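Trainee: Could you take me through one part of this model in detail? I'd like to follow a single strand and whatever sits around it.

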Amino acid sequence: MKVKVISVLEDNYMYLVIEESTRHAVAVDAAVPKRLLEIIRKEDVVLRAILTTHHHWDHARGNEELAQLLPGLQVFGADERIGALTHRVSHGQELSFGAIRVRCLFTPCHTSGHMCYFMWEDDSPDAPALFSGDTLFVGGCGQFFEGTAEQMHTNLTQILGTLPKDTKVFCGHECTVRNLKFALKVEPENEMVKEKLAWAKHRDDEDLPTVPSTLHEEFLYNPFLRVTDNFKKPKERPNPQAVLAFDWGLFDPFLEKK
């Protein structure tokens with residue numbers, strides 16, 4: 001299973017997941033058809049399906065055009081607002097595309113119909129992949145347009161956070177530097193945050209993606225996966241910097257509906 005990271009628009013990512021034995025492929029969040037078709041031709045693969053995480057235009061606007069250009073193309077998602085939708089999926093549903101297996105993980109909050117996709121190949125030594133859309137970012141999480149902080153906490157800790165720790169995380173936007181600057185305000189002594197931020201700044205300077213991370217790494221520097229570490233340490237006082245971050249409203253952009 002080969003994952004092509006495709007940068008589009010201002011800071012979006014779409015992905016082409018290729019089954020290398022058959023040269024069949026699945027796209028995730030096909031926002032820019034022209035660019036996707038260029039990669040498909042370059043890789044010499046056949047696009048079988050689109051997996052859409054949510055209905056926002058910067059993730060789903062290419063569906064209709066691709067469906068017209070490629071008759072029989074299947075479009076999967078959890079929200080009727082997704083264009084050209086052919087298959088509405090539910091939490092825990094599993095799909096197969098040749099050797100590629102997909103488990104649908106429902107994570108409502110950023111939108112009420114947001115779905116993440118966990119992918120792997122049976123009997124493969126490669127780590128599985130999570131396409132997390134606008135739920136989990138490298139070092140952060142998505143905004144709460146149609147949900148609550150409680151929903152996001154459940155998504156991150158009970159749905160996505162329980163996946164295998166070697167899972168590679170492919171998110172929907174490049175916002176790692178901004179996320180980690182915030183994480184450093186929450187945990188100014190966290191050396192992993194400092195190291196990852198320096199690395200991400202270098203990647204940004206070189207115009208290179210910071211995806212994928214791994215779930216294991218996210219637990220080391222992502223403040224939204226470290227809430228327990230910051231506020232519920234047994235026999236310890238809460239992290240004072242984290243408390244100040246809440247007092248100063250630094251979490252407000254993430255905890256309030258826009």
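Mentor: Let's start with one residue pair: Glu94 stands opposite Arg103 in β8. Keep in mind as we go that this is a predicted model. The strand we're following is β7, residues 94-97, and its partner β8 covers residues 100-106. The two run antiparallel, with four bridges joining them. Further along you'll find another facing pair, Phe97 opposite Ile100 in β8. The hairpin of β7 and β8 has two residues between the strands, and Gly98 takes a positive phi there, near 65°.

Now zoom out to the sheet. It's an open one with six strands, in the order β7-β8-β9-β10-β13-β14, and the pairing is mixed. β7 and β14 (213-214) stand at the edges with a single partner strand each, so one side of each has no neighbour in the sheet.

On its way into the sheet, β8 also pairs with β9, again in the antiparallel sense, this time over seven bridges. Look for Cys104 there, which stands opposite Tyr117 in β9. As a rule, side chains in a regular strand alternate between the two faces of the sheet.

Last piece: something lies across these strands. Helix α4, residues 149-160, crosses β8, β9 (115-121) and β10 (129-133). Its direction is at about 145° to that of β8. So, to recap the part you asked about: β7 is an edge strand, hooked to β8 by a hairpin, and β8 in turn pairs with β9.

Methods. Residues numbered from 1 in each chain as written. Predicted model: local features only at pLDDT ≥ 70, side-chain atom pairs only at ≥ 80, totals over all residues. Heavy atoms only, no water. Pairing = 2+ DSSP bridges. Contact = heavy atoms within 4.5 Å. Axes fitted to C-alpha atoms, helices over the stretch in contact; angles between N-to-C directions.
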